[in-house]
Amino acid sequence: MQYTINVRGRLVDLSQPMVMGILNATPDSFYSGSRKQTEAEIAERANQIIAEGGRIIDVGAFSTRPGAEEVSVEEETARLKRALQIVHREQPDAIVSVDTYRPLVARRCVEEFGADIINDVSEGGLTGIVGQAIHEEGDMFETVARLGVPYILMSVQPTLEKMMMGFAEEVQRLHSLGAKDIILDPGYCFGKTLEQNYEIMKHSERLLEFGLPVLVGISRKSMIYKLLGGDPTTSLNGTTVLNTIALQKGASILRVHDVKEAVEATRLLLQF
C-alpha cells in the first residue's frame, strides 16, 4: 500500500515498513529494559534507536500496563518535556512521537516541546491504564485536528468486528473535525484476552480496508509469554515472529523495544 503522512510539512513515505523505537521515561514500564530516566540513558537510547535503523522515536512518560500507578498531569508533562528536549538535542532530524492519552499533555508536547506525532492508547478517551476509564480535560480528537499532526488511534476493543465498527465511527469523526493523517493500531493486549489477540492478528489484514496505515505494537507483550512461557525478558524471538506476520498482513509501522531485530525483519521481508 502506498501511504504518506505529513510530519510538519515533510511528506514521510510509508510504502516500505518503518520501525518506531520505544523510549520510556518512566520508572515502571512493563519491560524493565525500556526504562530510561537519567539524561545519559535517554540520550543513549535516542541515539541507539536511530543508529539501529529506527525512523521514529516514541517517547512515553506514563506506563499504561495493568496495575500501573497514576501519574499526575504535571509529572507526566515534566517528564516528557525533559525527555523530548534531550531527544531533539541528540537527534534533531528524527521523527518524534509522544505516547500520551491526555489532550492537554499532547497539546503542550506538540506546541512547546516539538513532538511530531500523537500516539494515543485510549482510543480517543475510552480508557487509559488498562481496564480503567479515564476522565481527562479536553477532547483528544479535537486536539489532534487543531494541531494538524499525525495521530495514532489505538483500539481497546476485544474483537475485530467491534474494532472495525469503532474505527469506522472514529475515523469519520476525526475527518469531520479536519484531522488528516490517521494511523490505526489494533491495540494488542489492551482489553483483549490471549485468544482474542491471536484471533485479531489472524485476520488483521482487514484493517487495510480503511485505506489507512497500520501500526503494530506487540513488542515483548504478554500475548507472547503467556502462550510460550517466560516473561518480557525472554520474548524477543516471539516478538520477531509476530512482527514478521504483522508485516505480511500489511503493517506499515512496527513499534518495538528491539529496533535492530525489527529493522532486519523488514529488510528480509522486502526481498520476497
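## A salt bridge between two loops

In this predicted model, Lys-249 and Glu-205 form a salt bridge in which the closest N and O atoms are 2.9 Å apart. Lys-249 lies in the loop between helix H8 (236-248) and strand E10 (253-256), while Glu-205 belongs to the loop between helix H6 (194-202) and strand E9 (215-216), so the pair ties together parts that are 44 residues apart in sequence.

Both partners fall in the intermediate range of accessibility, which runs from 20% to 50%. Lys-249 has a relative accessibility of 22% and therefore counts as partly exposed. Glu-205 is likewise partly exposed, its relative accessible area being 33%.

## A salt bridge between two helices

A further salt bridge joins the side chains of Arg-89 and Glu-39, with an N to O distance of 2.7 Å. Arg-89 is part of helix H2 (residues 73-90) and Glu-39 is part of helix H1 (residues 39-51); the pair therefore ties together parts that are 50 residues apart in sequence.

Arg-89 counts as partly exposed, because its relative accessibility is 45%. Glu-39 also counts as partly exposed, at 41% relative accessibility.

## Arg-206 and Glu-209, and a shared network

The side chains of Arg-206 and Glu-209 meet in a salt bridge as well, at 3.7 Å from N to O. Arg-206 is partly exposed, with a relative accessible area of 33%. Glu-209, in contrast, counts as exposed, since its relative accessibility is 58% and the exposed class begins over 50%.

Salt bridges can also share partners: Glu-39, Arg-89 and Glu-90 are joined in this way into one network. The Arg-89 to Glu-39 contact described above belongs to helices H2 and H1. In total, the structure holds 16 salt bridges, among them the pairs Lys-249 with Glu-205, Arg-89 with Glu-39 and Arg-206 with Glu-209. As a general matter, side chains of opposite charge can pair when their charged atoms come close.

## Cysteines and disulfides

A disulfide is a covalent bond between the sulfur atoms of two cysteines. How many disulfides does the count give? The count comes to zero disulfides, under a rule that requires a pair of cysteine sulfur atoms within 2.5 Å.

Two cysteines may be described by their accessibility. Cys-109 is buried, with a relative accessible area of 0%. Cys-189 has a relative accessible area of 17%, and this residue is therefore also buried, as the class covers values under 20%.

Terms used
Residues are numbered from 1 along each chain as its sequence is written. This is a predicted model: local features need pLDDT of at least 70, side-chain atom pairs count only at pLDDT 80 or more; totals for chains, interfaces and linings use all residues. Side-chain values use heavy atoms; hydrogens and water are left out. A salt bridge is a side-chain nitrogen of Lys or Arg within 4 Å of a carboxyl oxygen of Asp or Glu. Helices (H or I, at least four residues) and strands (E, at least two) are DSSP runs, numbered from the N terminus. Buried means under 20% relative accessible area, exposed over 50%, partly exposed in between (1.4 Å probe, protein chains only).
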